[in-house]
Amino acid sequence: MTLKLGRHEFDDNTPLMMAIVNRTPDSFFDKGATWAEDKAFDRVVEVAEQGAEIVDIGGIKAAPGVEIDAAEECRRVVGFVARVREAFPHLVISVDTWRAEVGREVCEAGADLLNDAWGGVDPGLAEVAAQYDVALVCTHTGGVTPRTRPHRIEYADVMVDAIAATIGQAERALSLGVDRRSLIIDPAHDFGKNTLHSLEITRRLGEMTDTGWPVLVSLSNKDFVGETLDRPVGERLVGTLAATAICAQAGARIYRVHQVPETRQVVDMVWSIAGRRQPATLVRGVS
Amino acid sequence: MLPPVPALMQRYRSAAPVFTPLRHAVGEALTWLTDGLADDAPLGLAHDVLDSPGAQRGLDHAPERSLAMELLGDSRPLLSLPAVDGVSTPNRVLALANGSACRTERAPGFLHERAEDFDRDLGTALRRGGLSGLDLELAVTLWCAGLRPLAEVLASRQWRLSEDWYDEAPTGVQYWVMGFECDS
């Protein structure tokens with residue numbers, strides 16, 4: 001299915017790289033490297049040159065910590081979205097927020113996509129997506145409160161739960177007027193899940209892509225990779241790419257990543273093995 | 001009393017050494033609890049229950065009950081407490097409970113400034129054999145587990161602490177493994 005992400009459209013066979021750009025002083029991977037606005041802008045320049053189609057701008061780290069209210073979140077992201085919009089008209093701008101209030105402001109500033117990473121906690125966010133004709137990521141978190149860690153969460157069937165929750169959000173957004181081509185579902189590795197849950201949704205991601213809704217995966221350097229391989233943050237790229245390959249085989253459309261070129265190569269390779277992409281060059285044996 | 005830690009279950013076993021002392025303590029406690037008890041004799045079971053459809057996530061019963069069934073064997077009858085009218089309470093009870101889950105920034109519930117004091121007071125109360133006067137609202141804030149049903153069990157008879165196998169917070173969650181006996 002064609003994806004319509006705000007001002008931009010992508011055809012069926014295009015896997016997309018969504019590069020993470022944190023406007024935070026304390027995110028787990030970059031640890032504040034792009035907290036300063038100019039550093040964040042440099043990061044956008046870098047990932048755009050690396051071929052990312054989407055930048056995902058976030059003003060609050062996912063982990064627990066100092067409370068950031070909507071006003072402060074807006075201070076961190078709204079002006080930055082406007083700056084990126086002006087400099088990169090062809091880049092899809094996503095904003096990672098669960099708040100409708102913030103969503104409205106960033107859409108006014110030029111965002112194309114609202115990444116509702118906490119699973120519809122604020123039902124007004126879907127209404128904002130409809131109002132501004134932007135895309136929406138519908139996420140499974142098991143109903144946990146934003147910025148809390150999973151604690152003893154169990155599911156009868158985590159993938160059944162993830163599909164029901166994300167499609168439920170997507171259908172609600174559709175009923176509110178969001179374009180069918182602008183709705184994406186995300187099983188949300190690590191969010192409301194222990195490591196076995198995240199491994200299972202990776203293994204069974206095909207069940208989610210089989211629903212026909214475009215699937216986003218956010219795997220990059222997460223704890224389920226770290227726990228599986230007993231590797232600290234900073235040593236999780238290989239594990240991340242292995243999980244990426246499995247998700248690519250299953251047909252995930254969007255990859256939310258820290259490392260764009262490495263992920264792009266893995267996805268392109270798997271996409272080609274799956275017969276969805278022609279190799280970049282074809283000379284060997286065909287001259 | 002032992003904490004309802006999923007890592008005690010077979011499917012969550014790993015090479016992580018952090019739970020090894022807890023597993024040993026739980027093994028000792030269960031041996032003590034079931035010593036001399038016929039395999040088909042019922043045990044009372046006190047634990048938190050699923051309190052909302054959202055918390056159930058398709059489950060038939062609380063994860064704590066699954067943990068107890070695995071630790072004690074599927075054939076062991078477990079009678080959830082409080083027992084319904086007309087059913088006598090078993091003489092031996094397994095209570096699944098723990099203190100705060102907010103002892104460090106890496107703890108499941110993140111660091112809470114009142115967690116350490118709360119756990120200290122809770123530990124003192126447990127060693128006295130009762131939880132009367134405990135701030136159960138604060139317990140919820142601090143992500144404690146099983147304290148309300150535990151308090152009901154401890155209030156039902158005159159209990160005294162007889163075994164104190166474990167008292168640590170290795171992952172930022174306060175665990176105790178304790179054995180209580182009563183005279184009646």
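Here is a walk through a predicted model with chains A and B, one selection at a time.

**Stop 1: the sheet of chain A**

Start by showing chain A as a cartoon and colouring its strands. You should find an open sheet of eight strands with parallel pairing, in the order β8-β7-β6-β5-β4-β3-β10-β9. Now pick out 183-186 and 216-218 in chain A: these are β8 and β9, the edge strands. Each has a single partner strand, so one side of each has no neighbour in the sheet. If you look along the sheet, the twist from one strand to the next averages 25 degrees.

Next, zoom in on residues 54-58 and 92-96 of chain A. Those are strands β4 and β5, paired in the parallel sense over five bridges. Which residue of β5(A) is the bridge partner of I57(A)? Select V95(A) and you have it. As background while you're here, strands of a sheet pair through backbone hydrogen bonds, either parallel or antiparallel.

**Stop 2: a helix across the strands**

Staying in chain A, select residues 158-176. This is helix α5, which lies across β7 and β8 of chain A. Fit an axis to the helix and another to β8(A), and the angle comes out at about 165 degrees.

**Stop 3: a salt bridge within chain A**

Show D133(A) and K4(A) as sticks. The two form a salt bridge, and the closest N and O atoms are 3.0 Å apart. Why is this pair worth a click? D133(A) sits in the loop between α4 (124-132) and β7 (135-139) of chain A, while K4(A) belongs to strand β1 (residues 3-5), so the salt bridge ties together parts that are 129 residues apart in sequence. Over all chains, the structure holds 28 salt bridges.

**Stop 4: where the chains meet**

Bring chain B into view and select the contact residues on both sides: 16 from chain A and 20 from chain B. About 1500 Å² is buried between the two chains, with carbon and sulfur atoms giving 52% of that area. Highlight R149(A), R152(A) and E154(A), which together supply 48% of what chain A buries against chain B, more than any other three residues.

Keep E154(A) selected and add R11(B). Their side chains meet in a salt bridge, 3.2 Å from N to O. How many salt bridges are there between chain A and chain B? The count is two. There are also seven residue pairs in polar contact between the chains, counting pairs with both residues at pLDDT 80 or more. Colour the chain A side by class and you'll see five nonpolar, six polar and five charged residues touching chain B.

**Stop 5: the open sheet of chain B**

Hide chain A and look for three strands of chain B in the order β2-β1-β3, an open sheet with parallel pairing. The edge strands are β2 (78-80) and β3 (93-95), each pairing on one side only. Here the twist averages 30 degrees from one strand to the next. Now select residues 43-46 of chain B, which make up β1: three bridges join this strand to β3(B), and the two run parallel. Across from G44(B), in β3(B), stands V93(B).

**Stop 6: a hairpin in chain B**

Finish with residues 159-168 and 175-182 of chain B. These strands, β4 and β5, pair in the antiparallel sense over eight bridges. R160(B) stands opposite E181(B) of β5(B). Then move to the turn: the hairpin has six residues between its strands, and G172(B) takes a positive phi near 90 degrees.

Technical notes
Residues numbered from 1 in each chain as written. Chains lettered and ligands numbered in written order. Predicted model: local features only at pLDDT ≥ 70, side-chain atom pairs only at ≥ 80, totals over all residues. Heavy atoms only, no water. Pairing = 2+ DSSP bridges. Helix = DSSP H or I, 4+ residues; strand = E, 2+ residues; numbered from the N terminus. Axes fitted to C-alpha atoms, helices over the stretch in contact; angles between N-to-C directions. Contact = heavy atoms within 4.5 Å. Buried area = accessible area lost by both parts, 1.4 Å probe. Salt bridge = Lys/Arg side-chain N within 4 Å of Asp/Glu carboxyl O. Polar contact = N/O pair within 3.5 Å; in protein donor to acceptor, adjacent residues only side chain to side chain. Nonpolar A, V, L, I, M, F, W, Y, C, P; charged D, E, K, R; others polar.
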